[in-house]
Structure formats: C-alpha cells, structure tokens
Amino acid sequence: MRTSRFLLSTVREPPADAECVSHRLMLRAGMTRRLATGLYTWLPMGLRVLRKVEATVREEMDRAGAQEVLMPAIQPAELWQKSGRWEQYGPELLCLRDRHNREYCLGPTHEEVITDLVRHEIKSYRQLPASFYQIQAKFRDEIRPRSGILRAREFLMKDAYSFHLDPASLRQTYNLMLQTYSRIFTRLGLEFCVAIADNGVMGGNASHEFHVLAEAGEDTLAMCSRCHYAANVESAPALPPMGRRPLPGAFMEPVETPGQHSIDEVSHYLGTEVDRTLKTLLVRGSGGVIALVLRGDHEINTVKAERLSLVAKPLVFVTPEEVRMAAGCGPGSVGPVGLKIPVIADESAARLADFICGANRDGAHLQHVNWGRDLPEPVVADIRNVVDGDPCPRSDESAAACNGQMYLCRGIEVGHIFELGTRYSAALGATCLDESGNAVTMTMGCYGIGISRIVAAAIEQHHDANGIIWPQAIAPFLVCLVPIGLHRSARVGEATERLYDELGAAGIQVLLDDRDERPGVMFADMDLIGIPHRLVLGEHGLDQGVVEYKSRRTGESRAIPMTEIVPTLRMLLGY
C-alpha cells in the first residue's frame, strides 16, 4: 500500500477531551474519529488492526469447534421479558418502537436470541454439545462513555454460546474456552491474566475474566505474589488476620469527638491508627435497615454485600434522615453498640479488640470496645475489598495455604466467560430429548471477547513517547518503506519500486511512504502509527548497497545489504 493512495490521517495533537493513552494515540494515528458521544468511525488504518484481531479470534473459535452465525442487532422485547432482563438490565438497554408500536432493543448481548434459535433447531441429545459464535457490533447506552474505544457505546464483540445436555458437558466446553481464550491473547501479543469474576446480571454459576494488565484499566485485580491466583476485586475473598482475637485490655468508655465525622478525622483526633477503628454503614435490607461493620481502613465490597440474604438488592445506603431514625445520630457517629437493628461485621472487624467506634450520639465515640462483652458477637461475613498484603486465598492439593500475599493492579477486561446453567434455556423453553426420550432443559455457557476493546488495550500496553508499538500479530502493516529524496532522484525511485515489489511478492505487508515530505515528518508518522519494522532507502545507502533498518520496539538500527533485505525480514517476521 502507498500512502498516496491511503487515507493517512495523522495529527500532531489530539483533542483536549482525549482522556487516556489509547484514546489520544488512536486519534493521532488516524485510526478512529468521533461521530458522537461514545460513537466512533474506524478509518482504514484502524480497521486493518481491527480485522487482524477479528481474524485471530475467528481462527481460534473455529479451531475450538464453534460454528459461526450472525444474529440481528435489533431484538424483540418479548424475548427479554421472558428472560426477566427487560427491566433488570437497566438504562444501558436502548429501547425503541417500530411503526406498529412493537418494542425492541439494540442488542448489547444475544443470550435470548441464540436460545430462541436453538430451541427451534436442536431437538435431540445427539446434536449436543453445540457451540455458536458471531462477531457483531453491540450497543450499550453507557451513562458516561469515556476513554474512547475502551468505553464506547457501540463496539465490536465476539459472543459465543454453548448448549449441553448436562453440567458435566458444559464444564468440558468451559475449560476448552479457557484454553482457547488464552491462545487468542497469547497470539495477539498481550500480557494478560485470567481472573475469577462475578457473574453479575448474566447469571449462572461460574465466570472468569481475561484482563490486559494496564494502568488505564477500570477494573481492580487482586493477584497473588507467589501463585497464579487472580480475581476481580469484586470476587476475591478477603481472609481475616491470622490467630485469635486478643482479649479485652480496658473498659469501654465514651470520648467526645466534636466536629469529627470521617474515620481519618476521628483516628487523628484520638491519636490512634485507622485500623483500630470500626466504621458502621447503614443499608437497606429486606426487612428494614441493616448495619454493615468494617475496619476503618477497609472498604465495603458492594457485590459481596449484595449476596447476603438480609441485604436488599441493589445495595442502597440509607439517607441521613433514615440513619438518625435507626441510630439516633448523624452518619459520622454511628456504631454497633446498642443498635436495635441486625449487625453484620466483616471478618477483620470481628477480630478486633479494644476498638473505637461511633457512640450513636453526635460528636461522640466509644473506645476500648470489645465484642461479646460490650455488645453481642456479630453475624460475620466477608463484605470488604481485598487490600495489598492480604493472604492469598488459594490452597494447594494438600490444602496447605499458598502463603503468598495479595497485591492490587489495574486491568482492562477484554474477555469474559460464564457458566450460565439453565437460566435462559428454562425461561425460553429450550429443551431437547435425552437418550430415554424425555425432554431435558439444555444447559448453557456464554463466552465474550471485546474485539474493538482489544485494539485500545493493546495500545495501552504497547506504546512509548513517540506513539504506538504494535505487537506483530495485529500491526496494520508489518514494514514501512521510507525513501529519502524519492521525488528528486530517479535512482531512489527505481530502487524503491523494485524493493516494494519484492516485499509484496514475499507476502510482506508493506506501507510505502511516497509522500513529498521531509524525512523527519515521515519518520515521526511511522513511529506514531507503530509499524514494527522500518526500512529507509536513500542515495547514500544505494552507494553502499544497503538499506537502513530500524526496529520500532527495540530501537535497534543497522544497515542491511540490499540482497539480504527480504530474507532478513522473513526471519524477523517468523515466516
């Protein structure tokens, strides 16, 4: 491809609202352009990368035995109403009506549609297991689209679904998809981790997320420093401190704390460490207000809290007026002592002795408080986020602790797989006959990959001050050919055309920069675009019979004899 025939739309400075590295570089490199909030047009340079990601995903899904289909983007409301998700999915579901006043939605995912298809097409256990996938644009009406392609409203996704006679068969395909996804992200040249995850609105029994590790990630991951354990912080178990709770050391007594409301303010005012305090959060429960108690230095995990039977879903904190009605004080002075409502304490909070907590009186706290002496032993549950230094929750085959410590890092979710069970098949009546001729509800799995998000995630992980550094597998071009003096030297022109043809004949994807620009401009653009290998051809090199080679990733620069260019590149590219 020649730049004179290619829409090369590089810009020096991105718009001021470009928030993250991938957003800025995709705009600067001429990969995408914003149409409206959360909506982007893919330009030729970006589309080449997108199609390479798509091709790799398609190859591995075909290898795993999945069959490709293509389902409508517009979905009828009655399917979502049958599954119970029409109201549950929330405002991200963009709903519309046709001229006959029938309700539809723009598909954010296709569990209902594929289940409706399979219930009509699969009748016997002999047709199972069966897996189907599609690569299609999805739409989710994000409340605040941001970070360009990382959080767009419309995005390209590979979604796959499997159908089984029983959970054992589902587990086999689930494990196959774990392996398939790992191959995909390895082939794409990404540093990733597989994390235990929460099923969320998808439902089901188990799920794993695939995260590209990058600071721009919206998800916090808890990872072990010793073993390979990783989990989304929403799902990572937070183990309590080792050993038993200390015995009480002093009698409980009130202390005045005028104007001190936050944990930090109270601990500083009383000259104690934050981890010696408790904070009490009041939330709505199924039968009234519930108190959730955590150590002062810990944060509530809303996903874990919502799993508790006493807590209303979704988790909602009560208003200041409701706090005063339940505890007799404002939010900054609430404590578990004397509360007449159910109290659930995190395990770390329940291990504290001689702690400080609110006195349920404005401007006052209690110190030297102890469970079992000054207030009843609480109901104990894991309701907090993991923090750096927590013990690893994984055990080996002998049930001995890993002894590693957890650390937190950021990740960009690019894939998610679920064991759905029978949630959708039961709701939509997807059954088949088993060996005995009995109708059995099929068991389902679901497997998604964010195709367009992978492009942005790769940039977040592979860039420098000069621009993008593409992994070879998804680079828009593998080689850029930059002739110096092309429009002034017939000799350079002839050598350039000859080398360009040789590279093409060898199957090497090459971008020839035949613009009449200064060398510095061409070099800067090629670095910005991130093409892995650069060849510079000029009069000086021709005199010596060499071409100047430079690696975008390592910065290695060397002269290569003209006769060795193609074999050298083929070796570097692994051809």
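**Notes on cavities and cysteines**

1. Starting with the largest cavity: its lining splits by class into three nonpolar, three polar and five charged residues. Keep in mind that this is a predicted model. The charged residues in that lining are Arg151, Glu218, Asp219, Glu413 and Arg453. Ser147, Gly217 and Gly411 are the polar ones, while Leu150, Ala216 and Ile412 are nonpolar.

2. How much space lies in the largest cavity? About 80 Å³. If you want to find the spot in the viewer, look for strand β20, residues 406-421, which gives the largest share of the lining, three residues. The lining also takes in Ala216, Gly217, Glu218 and Asp219, along with Ser147, Leu150 and Arg151.

3. How many cavities of 30 Å³ or more does the structure hold? There are two, and the second largest has a volume of about 50 Å³. Three elements each give two or more residues to the lining of this second cavity: helix α14 (519-529), strand β28 (533-537) and strand β29 (546-551).

4. Here is who lines that second largest cavity: Cys480, Met526, Asp527, Ile531, Pro532, His533, Arg534, Lys550, Ser551 and Arg552. By class, four of these lining residues are nonpolar, two are polar and four are charged. Cys480 and Met526 are among the nonpolar ones, whereas His533 and Ser551 are the polar pair.

5. On to the cysteines. A disulfide is a covalent bond between the sulfur atoms of two cysteines. Searching the whole structure turns up zero of them. Cys95, for one, is in no disulfide, as the nearest cysteine sulfur, in Cys105, sits 6.1 Å away; the cut-off for a disulfide is 2.5 Å. Cys95 counts as partly exposed because its relative accessible area is 39%, which falls between 20% and 50%.

6. Why is Cys357 without a bond to Cys329? The sulfur of Cys329 is the closest cysteine sulfur to that of Cys357, but the two are 11 Å apart, so they are too far from each other for a bond. Is Cys357 buried or exposed? It is buried, because its relative accessible area is 1%, under the 20% limit.

7. Last, a look toward the start of the chain. Ser9 lies in the segment before helix α1 (21-28). Ser9 is buried, because its relative accessible area of 18% is under 20%. Leaving out residues up to four places away in sequence, what does Ser9 touch? Its contacts are Leu27, Arg28, Ala29, Gly30, Arg33 and Leu43. Of these, Leu27 and Arg28 belong to α1.

Terms used:
Residues are numbered from 1 along each chain as its sequence is written. This is a predicted model: local features need pLDDT of at least 70, side-chain atom pairs count only at pLDDT 80 or more; totals for chains, interfaces and linings use all residues. Side-chain values use heavy atoms; hydrogens and water are left out. On a 1 Å grid over the protein atoms alone, a cavity is a set of points where a 1.4 Å probe fits but cannot get out, and a pocket is an open set with protein on both sides within 12 Å along at least five of seven lines; lining residues have an atom within 4 Å of a point. Grid points are joined across faces, edges and corners, and a volume is the space filled by probe spheres set on the points. Helices (H or I, at least four residues) and strands (E, at least two) are DSSP runs, numbered from the N terminus. Buried means under 20% relative accessible area, exposed over 50%, partly exposed in between (1.4 Å probe, protein chains only). Contact means heavy atoms within 4.5 Å.
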